[in-house]
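Here are my notes on this one, set out as numbered points. Have the model open while you go through them.

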Amino acid sequence: MRHLFILSLVFLCGTLAAQNQETPESGEKVIIDNDKIKVIEHFSLPQGDVCGLGMHYHEPHLTIVLTDAKVKITPENGDAQEIEVESGTSIWFGDADTHAVINSGDQPTKMILVYLKE
């Protein structure tokens, strides 16, 4: 009987701990970073930051969109705009840029950013 009580208590604690875990709304994973190139995978849940936290800065880079995405982009000195991009889209951003990007869709997004080092 005592073992059943302990087993039940362990199960209850595990269940409560799992319910209290927060899922990050966004994140990144460095795939390659050497003297020639830096490749970062960015992911975002709905309403999460897409490619950096809040207002952030990027050097010139290539973005490869891995999932369909609906995002709200706010440039540093401009009005916000909402755009939709399809999976497989590649975009070269030739100028450095400061902006905020939020996943305004109802699905997670995933993108790869490629930075060339000189």
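1. First, a term for what follows: a contact means heavy atoms within 4.5 Å. With that in hand, look at S44, which is in contact with E25, S26, D49, V50, N103, Q107, P108 and T109, once its neighbours within four places in sequence are left aside. S44 sits in strand β2, residues 37-44, and counts as buried at 1% relative accessibility. (Buried is under 20% relative accessible area, exposed is over 50%, and partly exposed is in between, with a 1.4 Å probe and protein chains only.)

2. Some ground rules. This is a predicted model, in which local features need pLDDT of at least 70 and side-chain atom pairs count only at pLDDT 80 or more, while totals for chains, interfaces and linings use all residues. Residues are numbered from 1 along each chain as its sequence is written, and side-chain values use heavy atoms, with hydrogens and water left out.

3. The overall layout: the protein chain has 1 helix and 9 strands, in the order α-β-β-β-β-β-β-β-β-β from the N terminus. Helices here are DSSP runs of H or I with at least four residues, strands are runs of E with at least two, and both are numbered from the N terminus. Of the 118 residues, 27% are buried. Among contacts with a separation of 6 or more, 67% are between residues 24 or more positions apart. The chain exposes about 8,300 Å², and carbon and sulfur atoms supply 57% of that (Shrake-Rupley areas, 1.4 Å probe; for residues, only the protein chains shown count as cover).

4. N103 deserves a good look. This residue is in strand β8 and is buried, with a relative accessible area of 0%. Not counting residues up to four places away in sequence, N103 touches S44, L45, P46, Q47, G48, V50, K70, V71, P108 and T109. Its side chain reaches the backbone oxygen of S44 at 3.3 Å, and a polar atom of that side chain lies 3.0 Å from the backbone nitrogen of G105. For polar contacts the rule is a pair of N or O atoms within 3.5 Å; within protein, one must be able to donate a hydrogen and the other to accept it, and residues adjacent in sequence count only if both atoms are side-chain atoms. The C-alpha atoms of N103 and F43 are 9.6 Å apart, with their positions 60 residues apart in sequence.

5. Which residue in the loop between β2 and β3 (56-58) should you check? Q47 is found there, and its phi is near 75°, a positive value in a residue other than glycine. Most residues other than glycine have a negative phi.

6. S26, in strand β1, belongs to the S44 story too. Beyond its neighbours within four places, S26 is in contact with F43, S44, G48, D49 and L53. The side chain of S26 reaches the backbone oxygen of D49 at 3.3 Å.

7. At the other end of β1 (residues 26-33) is D33, which is partly exposed at 44% relative accessible area. Its side chain makes a polar contact of 2.4 Å with that of K117. The two residues are 84 apart along the chain, with C-alpha atoms separated by 9.7 Å. Outside four places in sequence, D33 is in contact with K38 and K117.

8. Now the largest nonpolar core, which has 11 residues: I40, V50, C51, V65, A69, V71, V85, V101, M111, L113 and Y115. (Such a core is a set of buried Ala, Val, Leu, Ile, Met, Phe, Trp, Tyr and Cys residues joined through side-chain atoms within 4.5 Å.) Strands β5 (69-75) and β9 (109-116) each supply at least two of its residues, and β9 gives the most, with 3.

9. Two core members to click on are A69 and L113. A69 is in strand β5 and counts as buried at 6% relative accessibility; its contacts beyond four places in sequence are I83, E84, V85, T109 and M111. For L113, the corresponding list is K38, V39, I40, H42, C51, H58, H61, L62 and T63.
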